[in-house]
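Here are three short exercises to work through with the model open beside you. Try each task before reading its solution.

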Amino acid sequence: MVLLGTVVNGAAIIAGTLIGTVSSRIPEQTKTTIMQGLALVVSVIGLQMAMKSEQFLIVIGSLVLGGILGEYWNLEGKLNDLGKWIERKTGAASEGSVAQAFVTATLVYVVGAMAILGALDSGLRNDHSILFTKSLIDGFTAIMFTATLGYGVLFSAIPVMLYQGVLALFAAQINQFVPQALLDAFIAEVTSAGGIMILAIGLNLLGIVKIRVANFLPALLIAAILVSCLYLLPPVL
């Protein structure tokens, strides 16, 4: 079953959120410490991912062009509006809590090497081990996020399942028309661009700076396009 890993990942986020809701009486000081610890781990993961690039000019170009498109489309604002709409529908008590939890958790779960590689492995080889590992990490993170940010984390399971599910279904057919060398280059550069965004999320969680990370999401598509263009260019003698 191509979507097994994706379904398990979504279920782990939901289960982690429910457990985190029960654990919501954690003292504020403890919540702060936990969130700072998570932020540091997220930052380190982002740095590791960012170093995967073999053509860093592609990463720079994709972030610049992707950031321009993201600002033009106001993706950060639209994601926040979606979170606030969910907040109104669910009757959240504190304004902004659901939106912040939804946006933060969605970006952490979606923009990552394991999401891309795991979905590709599910589609290409019907191997779900990466997504199963990601499920354990996401489930534990959901507990901490929910205890510190609120139950809006629950709704992040929807875009995670949609994103990984579509990628897995696409990957089931991709090896029929994409050369392995191009696929490897695509994974490396998209992972690197995503890693920089993950690092930005960590900095946001630490309160060091406020970066509109969602506005950089088009960079993932731009990186794939630039890699494809570079691969198709004739070799220079």
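**Exercise 1.** Place Thr191 in its helix, decide whether Thr191 is buried or exposed, and find the backbone oxygen that its side chain reaches.

*Solution.* Start with location: Thr191 sits in helix H9. Please keep in mind that this is a predicted model. Next, take the relative accessible area, which is 4% for Thr191. Buried means under 20%, so Thr191 counts as buried. Finally, follow the side chain of Thr191: it reaches the backbone oxygen of Ile187 at 2.6 Å.

**Exercise 2.** Classify Asn80 by its accessible area and find its contacts beyond four places in sequence.

*Solution.* Asn80 belongs to helix H4, which covers residues 75-90. Its relative accessible area is 22%. Because the partly exposed class lies between 20% and 50%, Asn80 is partly exposed. Now set aside the neighbours within four places in sequence: Asn80 is in contact with Ala99 and Val103. For Ala99, compare sequence with space: Asn80 and Ala99 are 19 residues apart in sequence, yet their C-alpha atoms are 5.4 Å apart.

**Exercise 3.** Describe the largest nonpolar core, then list what Leu107 touches.

*Solution.* First, the membership: this core has 54 residues, and Leu107, Tyr109, Phe145, Val153 and Ile201 touch the most other members. Then look at the contributing elements: those giving two or more residues include helix H2 (28-50), helix H5 (97-110) and helix H9 (180-206). The largest share, 10 residues, comes from H9. Last, zoom in on Leu107: not counting residues up to four places away in sequence, Leu107 touches Ile198, Ile201, Val213, Ala214 and Leu217.

Terms used
Residues are numbered from 1 along each chain as its sequence is written. This is a predicted model: local features need pLDDT of at least 70, side-chain atom pairs count only at pLDDT 80 or more; totals for chains, interfaces and linings use all residues. Side-chain values use heavy atoms; hydrogens and water are left out. A nonpolar core is a set of buried Ala, Val, Leu, Ile, Met, Phe, Trp, Tyr and Cys residues joined through side-chain atoms within 4.5 Å. Buried means under 20% relative accessible area, exposed over 50%, partly exposed in between (1.4 Å probe, protein chains only). Helices (H or I, at least four residues) and strands (E, at least two) are DSSP runs, numbered from the N terminus. Contact means heavy atoms within 4.5 Å. A polar contact is a pair of N or O atoms within 3.5 Å; within protein, one must be able to donate a hydrogen and the other to accept it, and residues adjacent in sequence count only if both atoms are side-chain atoms.
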